[in-house]
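Got the viewer open? Let's take a walk through this one, one selection at a time.

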Amino acid sequence: MKWAGALAVLGLLALPLTLSSYALTIFIFIFFYAFLGQAWNIVGGYAGQLSAGHAAFVGIGGYTAAMLSIEHGVTPWIGMFAGAVLAGALGALIGYLGFRFGLRGFYFVLLTVAFAEVCRILVSNIDAVGGALGLYITFTGNPRHFQFQDQRAYYYIALALMLLATGIAALIERRRFGIYLRAIREDEMAAEAAGVDAFRYKMFAMIVSSSLTGLGGTFYAFYLFSLQPNTVFGIPLSVEIIIRPIIGGTGTLVGPILGSFILTPLGELSRHYLGQSGLHGAHLVAYGLLLIAVVLFLPNGAYPWLRARFRR
Amino acid sequence: MSHALLDVRGLSRRFGGLQAVRDLSFSVDEREIVALIGPNGAGKTTVFSLLSGFLAPDSGDMRLGGRSIVGRKPHEVCALGVARTFQIVRPFPKLTVLENVLIGALVRHPRRRDAEAHARAVLDEVGLAAKAAQPAGTLTLSERKRLELSRALATEPRLLLLDEVMAGLNTTEVERTLELVRAINARGIAVLLIEHVMRAVMSLASRIVVLNYGERIAEGRPDEIANDRRVIEAYLGEPDVDAAVP
């Protein structure tokens with residue numbers, strides 16, 4: 001398993017040598033969404049606290065780095081950490097409200113969605129941060145501005161982000177923290193009876209997850225050169241973040257990555273080809289059908305199913 | 001007065017219009033086995049929830065080794081040395097049997113390797129070692145009951161709260177659990193148990209506390225309790241007044 005992982009990473013490192021620019025773009029999105037999914041997986045998968053508002057952290061992270069860069073000339077390489085800290089702070093606030101007052105299941109989902117929506121509406125109405133039009137970043141191609149002439153730089157950054165989040169999740173998984181999170185997901189009351197401070201560990205999970213997601217906001221902003229409140233804080237992005245670990249298998253290291261390798265190309269290609277033939281939105285139908293199929297046939301996701309196959 | 005391990009004084013808890021526990025006092029000494037019995041709805045499980053920090057009492061005090069545990073959260077009570085099982089067992093179904101017990105063992109052994117060694121020792125003691133690698137969801141009811149006990153035991157408590165660990169077991173399994181509880185107690189762990197299997201209560205407990213409608217109606221040695229008029233009334237109903245007239 002470890003060897004397979006190392007081999008796959010080596011392969012991915014060499015891959016850009018052979019890729020067309022369009023294929024490169026698809027891989028960048030695969031890695032980036034796998035990264036977001038993995039960050040979500042820490043609180044949503046391992047700890048089982050279903051945040052459906054993770055877009056808020058992407059938005060906070062992206063806006064922080066972009067504003068620092070545009071208004072104060074701070075390089076996004078520093079701004080990304082400021083964004084991560086602010087996203088972590090918002091995560092801590094949402095976590096505190098949700099966990100302290102014992103919001104479970106749907107109620108926690110609603111709380112996270114509500115916070116993301118509040119952020120979206122606030123940002124849309126504050127002209128100092130671009131209002132409803134959002135922020136545009138001028139292309140300079142200067143690496144100091146987190147901008148690169150060569151697409152491959154983005155490829156490697158996105159790959160690094162995915163590996164970073166996966167590394168953190170792997171560390172958590174093996175330690176006491178990880179076992180506690182799984183126990184909380186399975187039965188919070190029993191975990192508490194066995195000495196687990198559920199509130200504390202859920203807070204940790206939420207803060208790690210939201211800060212990591214915030215880190216990704218900078219990549220989003222400086223890869224796409226624009227931030228629109230309806231896109232980066234919107235429910236559709238939150239759904240994009242969640243859906244990959246669900247398809248691949250929540251609470252597993254491979255799940256979010258596998259889910260992104262399945263879903264991202266499907267989304268991109270169907271948007272590309274079906275969009276050309278005038279069938280706008282058809283990729284959403286494809287998504288929907290795939291999701292229904294996974295829920296029906298692989299309720300634990302693709303990776304646990306594959307693992308069970310290979311063990312036999 | 002002797003130093004009781006657990007000292008409960010004037011404990012009360014109300015749910016809306018229902019007084020679940022009323023002015024309850026009792027104690028458990030070091031190394032003692034005490035049984036809490038009473039008809040369904042007498043408030044026994046509420047007492048456990050109060051003792052383990054899942055519910056807060058409206059009034060009264062609970063002391064463990066002289067320190068009040070009122071207002072402590074469940075994980076704090078556990079760290080102080082009170083472990084409970086649940087009447088309806090609550091395993092972590094997707095975790096392995098070993099991982100289930102490991103969660104409890106991590107309370108005293110923060111390093112995973114030490115905790116795992118301790119968890120394996122506990123599984124050996126309760127006879128679940130062969131199932132260590134299996135997901136807990138695949139166990140039989142009797143095995144789940146033992147897993148529930150193992151997880152509590154792995155936290156190395158001073159006082160173990162057992163909520164009907166024999167319910168639903170066959171005679172052989174009850175016998176086995178009796179042995180196990182005796183062995184645990186022999187290692188110096190005090191036990192407070194809720195039980196409907198009277199044979200178990202009578203053979204294990206040195207003292208019995210009887211609850212009815214949240215109140216203590218009797219307390220004493222098993223032989224005293226078995227002949228107590230109030231206890232018999234509580235279980236069988238009051239004798240018909242007319243029929244009692246000769």
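We begin inside: the largest cavity has a volume of about 50 Å³. Keep in mind as you go that this is a predicted model. To find the spot, select A:A193, A:A194, B:R84, B:T85, B:F86, B:E148, B:R151, B:A152 and B:T155, which line the cavity. Which helix gives the most to that lining? Colour helix α5 of chain B, residues 141-154, and you have it: three residues of the lining come from there. Now colour the lining by class, and you should get four nonpolar, two polar and three charged residues. If you want to hunt for others, the count comes to three cavities of 30 Å³ or more.

**Next stop: a pocket**

Switch from cavities to pockets and go to the second largest one, which holds about 520 Å³ of space. Which residues are closest to its centre? Select A:R100, A:E192, B:G53, B:K73 and B:P74; these are the closest of the 26 residues that line this pocket. To see the surroundings, show α4 (76-100), α8 (188-193) and α9 (198-224) of chain A, along with α2 (74-80) of chain B; each of these elements gives two or more residues to the lining. Colour the pocket lining by class too: 13 residues are nonpolar, four are polar and nine are charged.

**Where a helix of A meets a helix of B**

Now select helix α7 of chain A (residues 176-186) and helix α3 of chain B (residues 97-105). Their axes lie 10 Å apart, and the two helices pack at an angle of about 110 degrees. That makes α7(A) roughly perpendicular to α3(B), since angles of 65 to 115 degrees count as such. Turn on side chains for A:I179, A:Y180, A:R182 and A:A183 on the α7(A) side, then for B:E99, B:L102 and B:I103 in α3(B), which they meet. By class, this contact has five nonpolar residues, two charged ones and no polar ones.

**A crossing within chain A**

Hide chain B for a moment and pick out helix α2 (residues 21-46) and helix α11 (residues 235-248) of chain A. Here the axes are 8 Å apart and the packing angle is about 80 degrees, so α2(A) and α11(A) are roughly perpendicular to each other. From α2(A), show A:Y33, A:L36, A:G37 and A:W40; from α11(A), show A:L237, A:E240, A:I241, A:I242, A:R244 and A:P245. Together these residues make the contact, and they split into seven nonpolar, one polar and two charged.

**Zoom out**

Finish with the chains as cartoons. Chain A has 14 helices and two strands, while chain B has ten helices and ten strands. How does the radius of gyration of chain B sit against the globule rule, and what is the rule's value for 246 residues? The rule gives 18 Å and chain B has 19 Å, so chain B is as compact as a globular protein of that length. For the 312 residues of chain A, a compact globule would have a radius of gyration near 20 Å, and the 19 Å of chain A agrees with that. Line up the principal axes and the C-alpha trace of chain A spans about 55 × 45 × 40 Å; for chain B, the trace spans about 70 × 40 × 35 Å.

Note on methods
Residues are numbered from 1 along each chain as its sequence is written. Chains are lettered from A and ligands numbered from 1 in the order in which they are written. Side-chain values use heavy atoms; hydrogens and water are left out. Axes are lines fitted to C-alpha atoms, for helices over the stretch in contact, and angles run from 0 to 180 degrees between N-to-C directions. Helices (H or I, at least four residues) and strands (E, at least two) are DSSP runs, numbered from the N terminus. Angles under 35 degrees count as roughly parallel, over 145 as roughly antiparallel, 65 to 115 as roughly perpendicular and the rest as oblique. Contact means heavy atoms within 4.5 Å. Ala, Val, Leu, Ile, Met, Phe, Trp, Tyr, Cys and Pro count as nonpolar, Asp, Glu, Lys and Arg as charged, and the others, Gly among them, as polar. On a 1 Å grid over the protein atoms alone, a cavity is a set of points where a 1.4 Å probe fits but cannot get out, and a pocket is an open set with protein on both sides within 12 Å along at least five of seven lines; lining residues have an atom within 4 Å of a point. Grid points are joined across faces, edges and corners, and a volume is the space filled by probe spheres set on the points. The radius of gyration is taken over C-alpha atoms; the globule rule is 2.2 Å times the number of residues to the power 0.38.
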